[in-house]
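Student: Got a minute to look at a model with me? I'd like to talk through a few side chains.
Tutor: Sure, bring it up and we'll go through it together.

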Amino acid sequence: MPTDQQDKPRVEMRMVDGVAVLTIRNPPVNAGSHAVRKGLADGLAEAARNGASGAVIIGDGRCFIAGSDLKEFDSKLEWPELPDVIRLVEDTPFPVVAAMHGVALGGGLELALGCDYRLAAPHTMVGLPEVGLGFVPGAGGTQRLPRLTGLARAIDLISAARRIPADQAAAIGLVDRVVAGDLLAGALAFLAETVRPKRAALAISPPADDPAAVEAAADKALRRGKGRPNVAEAIRLIRRAAEADGRDALADERAVFQRLRLGEDATALRHLFFSERRAGVVEGLDMGLARAIGSVGVIGGGTMGQGIVRCFLATGLPVILIERDEDSLANSVSAVRASLDAAVEKGRLAPDEAARRNAALTGATDYAALSRCDLAIEAVFEDMAVKRDVLGRLERVLAPDAMLATNTSYLDIDAMAEGLAHKGRVVGLHFFSPADVMPLIEVVRANATDDATLATALKLARKLGKQPVVARVAEGFIGNRIYAAYRRRAELLVLDGATPQQVDRAATAFGFAMGPFAVADMSGLDIAWAMRKRQAPTRDPAARYVTIPDTLCEMGRLGRKTKGGWYDYPEGKPVPSDLVADVIAEARQAAGIAPAEIDAAAIQRQLLAAIVNEAALLLAEGVAQRPSDVDVTLCNGYGFPRFRGGPLWWAAHQDRAVIAGDQARLAEAIGHGFAAGPVDKVLHDIVEERKG
């Protein structure tokens, strides 16, 4: 049997009442590495030699197989590749059952699809995430899955990289039985019930599908996939599952898989995959110090506070919401309950789960109600005096080891914690709006934050299903500091000759989810305005300053919520504003600027230059732990296109002379006060980090 460095077999074969049980042991998630594939091939051969009447493939530990080992994908794959293993499964003289628990994803589900039968423990999640990683399933997923579910459903599941639970998988034909109780015993009983024949999924014809439904699913997938080539290829391959003989389609699928897994999209997405796992790790931090969080207090029931409340309720934690008076409290609690009711109406939340969350939410106006909470997080106005007062009041009522968190987006947490007796338990938990939807959370380590508090915050972030990134205290931390530089460059582009629409179109053409001016209108122009007013006393009067957004705010144009910001919103959709065009023209005239034509490529490269330069500066200051953390932050919180791997990964794979030219033009555009970051070093470091 194949072994790792510790001489431990990755797959164990044993006979149980004439049935071969092949147990995968490749912790922590039973990744389908070469050792696992070779172990399965050897185990099947040994089972045949032993005259097995059937076989069960099952995973040890947390799951069945969480997917292929992506570390192997940067080079040539060794025999046996997964299609080779599946072919061996299909060629065995006895039926083979996949017994799944935890997760069965990617190659794990493809292996199960290649088996004759599929059983699953309750709550098992199954799916094919390959399209989300820049390639396509490569071991029969696009051929076997549609033959069980139908083409339209397969297009949706595969192109969206969707995970579904075992009961739903059983309802659509992916799982033959959901097994309560002992999974292995259930699988052995399943084989013993009747004579189980061989039953290859590839020999099954797909269920009849309405052609219109297939076309609708394909159109939706292409729109959602934003034209990425692997989405189109996945759809094309799935359509081939309607062919009588799937062997040619299998070869086609494998060839596409091999080509795409080494392409730019897949390489960038693998960088992001590993970076996201690394981002929540702090070298030398003992995660064993993490304390349990059993109850939470949230102070402030505005839009952000309500989202934070929903986030904690979804995790099963009881929440006490604090507001300044009874009317505000009633409005905030009612808004949270209304959102739960709306989720039930839309079929996104089961009624009994909504009832559980409602029961777990209570409210109060007296901070003393939080005395037994393990965590209290403030989500009040972005005002230092207000936040200091809240933290002081919390310290007086909470236990000494309870965690104090701030959701501040910009403010100095070290200054905020001054005067507290136990500064070590203060940490930043910067959620992104809506807090129960957006995946990113910046865990901000203040100077006094102790290891137990940091470990608790990181463990909590994972419990909440969030992507943590650790930051040090700085204006805007990682994300908002970079975004402020990006937004400033966008505003200067408008001052120098571009229109807001041209800038937004250039950003979305590059792959951003939205352009900077559409984002500003959605979040509210008053947020950045408050920051600029706070910074005004220390602003260098010789530095270039764009007055346009200040003027818009003074006019009451705060974005979508006032039906006017950078755009007009007469019917909810953005349209160019003549009034804004006049404001821009007046600002140019006041600054003595003759507007120049700026093409889309130049706009894109200057926006990216601003991001990369600011990232290099904050890395040099130690605000972020590592370059890849910047990529994780921008992709998970700011709409940077994932298929490009993040701004630093993207820049590291551009011509360095072009990057240097972009930085020189950025310096010229910013003018007085421009600070050049160590871009070359950072781009070198991110490549080396990936190699490591």
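Tutor: Let's start with Cys-311: at 5% relative accessibility, this residue counts as buried. Keep in mind that this is a predicted model.

Student: How far is the sulfur of Cys-311 from the closest cysteine sulfur?
Tutor: The closest one belongs to Cys-373, 16 Å away, which is too far for a bond.

Student: And how many disulfides does a search of the whole structure find?
Tutor: The count is 0. Cys-63, for example, is in no disulfide, and its nearest cysteine sulfur, in Cys-115, is 16 Å away.

Student: Is Cys-63 buried or exposed?
Tutor: Buried, because its relative accessibility is 4%.

Student: Okay, switching topic. Where does Arg-118 sit?
Tutor: Arg-118 is in strand 6, which covers residues 117-120.

Student: Which side chain of opposite charge is nearest to Arg-118?
Tutor: That's Asp-176, at 4.1 Å. A salt bridge needs the charged atoms within 4 Å, and Arg-118 has none although it is buried.

Student: So what do the polar atoms of the Arg-118 side chain lie close to, in terms of backbone oxygen?
Tutor: The backbone oxygen of Ala-112 is 3.0 Å from one polar atom of that side chain. The backbone oxygen of Cys-115 is also listed, 3.1 Å from a polar atom of the Arg-118 side chain.

Student: Which residues is Arg-118 in contact with, leaving aside neighbours within four places in sequence?
Tutor: Among them are Ala-98, Met-100, Leu-113, Leu-148, Leu-174 and Val-175. Asp-176 is in contact with Arg-118 as well, and so are Arg-177 and Arg-199.

Technical notes
Residues are numbered from 1 along each chain as its sequence is written. This is a predicted model: local features need pLDDT of at least 70, side-chain atom pairs count only at pLDDT 80 or more; totals for chains, interfaces and linings use all residues. Side-chain values use heavy atoms; hydrogens and water are left out. Helices (H or I, at least four residues) and strands (E, at least two) are DSSP runs, numbered from the N terminus. Buried means under 20% relative accessible area, exposed over 50%, partly exposed in between (1.4 Å probe, protein chains only). Lys and Arg count as positive and Asp and Glu as negative; His and the chain ends are not counted. A polar contact is a pair of N or O atoms within 3.5 Å; within protein, one must be able to donate a hydrogen and the other to accept it, and residues adjacent in sequence count only if both atoms are side-chain atoms. Contact means heavy atoms within 4.5 Å. A disulfide is a pair of cysteine sulfur atoms within 2.5 Å.
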